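Trainee: Please take a close look at one loop in this model for me. I would like to know where it sits and how it fits with the rest of the chain.

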Amino acid sequence: MTSFGIWGIIPPLLTIILAFVTKDVIVSLFLGILSGTLIVAGGNPALAVMNLTDALARSLADGWNIRIFLFCALLGGLVGMLSKTGAAGAFGRWASSKLKTSKGSQIMSFIFGLIIFIDDYFNSLTVGTIMRPICDKTKVSRAKLAYILDSTAAPVCIIAPISSWVVTVMSIVKGSEGFDALGMTPFEFFIRSIPYNLYAIGTLVLVLALIVTGREFGPMKASEELAKTGKLYNEEKYGPVSGEVENDVNDRARPVDMLFPILFLIAAALVFFPVTTWKNSVDGKEITSFAQAFHTIGLGDAFKDTDASVALFYAIIFTIAATYIYYMARGLMKLSTAGEALRDGIKSMVPALIILAMAWTIGGIIKSSPADGGLGLGAYLSELVVRGNFPLAFIPAIVFALSALISFATGTSWGTFGIMIPLVMPIAVGLARAKGLDPGALVNSSMICTAGVVGGAVFGDHASPISDTTILSSTGAGCPHLEHVATQMPYAVFVAVSSLIGFFFGGLFMNMIVAWIVFAVVLALGLVLLPGTVKSE
C-alpha cells in the first residue's frame, strides 16, 4: 500500500478548520496530528498517542530540523540582546526619522527581503527584526509586514542563483528520469527555468504593486485601516502574537549597535555557507584536510552544495558571541544582564518553536508512506495525474494545481519537489518525444512543466497555515499567526489563480511568452477590480 487514499486529507483539513474556529494554532495542530496517527493506527487511541509522541521526537531528531529549531531559538536570544541594550529602539527611532511614511517603510522591507535571499528562514526572521520597529512607527500593520516577509522569502529563494532552495531543486532534477535528454547541467537548467516561474515572480510584482498603489483588498485592508488608528494587530479576532520582545530605552545606544549584530550575522552566514561544504567534504580518504577541500571545491560549488541548517547554526553562534563582546565593550550590557536578555529573547520564541515542531510533525505524517508510519497523501494525489494520461498541453496547469494542493496540505514545498519533479520530468520528456518535438521544444516543454511544479509548491509554502515559512514570517513580524494567514491568503490565491490561467494558455501553445501575457492581463484586471469587490471582513 502506497497511501491511505483520500483519508490523508483529513489531518491538514481538520487542522486548518480548527485553527480558524478555535484561534489556537497549537491545539489545532495537535488534534490534526492525532487524527493522522489515529488513521495510521486503525483507530486505536493508545497506539495513536504513542505514534504521535514518536513522530514528534523524530521531527526534532532530524539533523536539519533541530538546527533550524535552535537557530530560531538563538535568533530570538539575539533579538532579546538587541532589545535589552536599547539598540533596537535606537535604530527604530533613527530610521523612523528618515522613513516618515508607511510606503517608505514597506519599500525598505521589500528591498531587504530581496537582498537577504540565501535562506527563507533567515530572511523572515532577520528582516522582521530590522523592520518591525520602523513599521510600527509608521503605522504599517503587522499583517502587512508579515505578508512582505513571507512574499520575499520562498518566492525570492526559488529564483535566486545561490540559495538552499537551488541546491534542493537541482539535486532532484538531476536524478529525474529523462533529464539526460535535455543536454545541460542541473544549474543551467535552473537558471534557464527562472523566467518560467510565474508564481514566484508574480508574487513579487504584486507585493510591489500593492505597496506603490495602496490598493489593498480583503482582510488585509481591514488590518491596514486598523493600523492607522495605532492598533497594529487584531488580538481580539485572531489571538495573541506568537513571539515578541519589548524594546528597552537606553540613551547610550546608537543605530550602529543594532546594525552590527545583523550585518555580522549576514556576513557570518555568507562565510559559513561555503565553509560548511569544505568542512563536511573532509572524509579522510579523497580529501584529507580543509585546505585541500578549499582548493578542490570551487566557491560556486561550495555555495551550491552547502547544508544551510549547519551554516546558519554556526552563523548564529558566532554572532551571539561577537555581539556579547561588542556590547560589553560599548558598555551596553553587563555580565549579569546578558543571560537575562538571552533568556527573555528565547522565551519569546517558545510559542513559535512549538508551532514549528508540530508543523514538521504533521507534515511528516501527511507525506510519509504507510511503511514509514505516514498517510502518503502526496503520493496519492500525484498518482491521479499519472493515471489520468492527460495531453501534454494540459500538464503544466495540472501539475501546478496538484503541486499547490500537495504543498498547501503538507506545508512543505521541498517535499512537493521531491514527489512531483521525478514524476513530471519523465512525463514531459516522454510526451514531447512521442510528439516528435525538436530538441529546443523538448527543453521548453520540460521547463514549463517543471516550472508548474515549482510554482505550485512555492504557493503552498507561501500560503499554508502549517508552513514553517508562514509561521516564521508571523514571528518575525510580531503578528498573530492566524491574522497573517487570513490577510495573506486572498493575495496568494489571486497570484495562484493568475498563474494557473497563465500555465494553461502557456501549455496550449508551449510558449512561456504567451503564459506571461495572459498572466499579466489577469493580474492587472484583478488589481483594478478586486479592491472594489472583495470585502475587507
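Mentor: Lysine 139 lies in the loop that runs between α7 (120-137) and α8 (142-151). The model is predicted, and in it lysine 139 has a positive phi of about 60° although it is not a glycine. With a relative accessible area of 42%, lysine 139 is partly exposed, because that category covers values from 20% to 50%.

The chain around this loop is helical: it has 26 helices and 0 strands. Of its 537 residues, 58% count as buried. The accessible surface of the protein chain comes to about 20,600 Å², and 68% of that belongs to carbon and sulfur atoms. Among contacts between residues at least 6 apart in sequence, 80% join residues at least 24 apart.

Another helix pair can be set beside the loop. The axes of α23 (residues 439-463) and α24 (residues 468-477) come within 6 Å and cross at roughly 40°, and the two helices are therefore oblique to each other. On the α23 side the meeting residues are Asp461, His462 and Ala463, and on the α24 side they are Asp468, Thr469 and Thr470.

Helix α26 spans residues 512-533 and contains valine 521. Valine 521 is partly exposed too, at a relative accessible area of 45%. Together with Ile513, Ile517, Leu525, Val528 and Leu529, Val521 makes a nonpolar surface patch of about 600 Å².

Terms used
Residues are numbered from 1 along each chain as its sequence is written. This is a predicted model: local features need pLDDT of at least 70, side-chain atom pairs count only at pLDDT 80 or more; totals for chains, interfaces and linings use all residues. Side-chain values use heavy atoms; hydrogens and water are left out. Patches are made of residues with over 30% relative accessible area and no salt bridge: like charges are joined within 9 Å, nonpolar side chains (Val, Leu, Ile, Met, Phe, Trp, Tyr) within 5 Å. Accessible areas come from the Shrake-Rupley method with a 1.4 Å probe; for residues, only the protein chains shown count as cover. A salt bridge is a side-chain nitrogen of Lys or Arg within 4 Å of a carboxyl oxygen of Asp or Glu. Helices (H or I, at least four residues) and strands (E, at least two) are DSSP runs, numbered from the N terminus. Buried means under 20% relative accessible area, exposed over 50%, partly exposed in between (1.4 Å probe, protein chains only). Axes are lines fitted to C-alpha atoms, for helices over the stretch in contact, and angles run from 0 to 180 degrees between N-to-C directions. Angles under 35 degrees count as roughly parallel, over 145 as roughly antiparallel, 65 to 115 as roughly perpendicular and the rest as oblique. Contact means heavy atoms within 4.5 Å.
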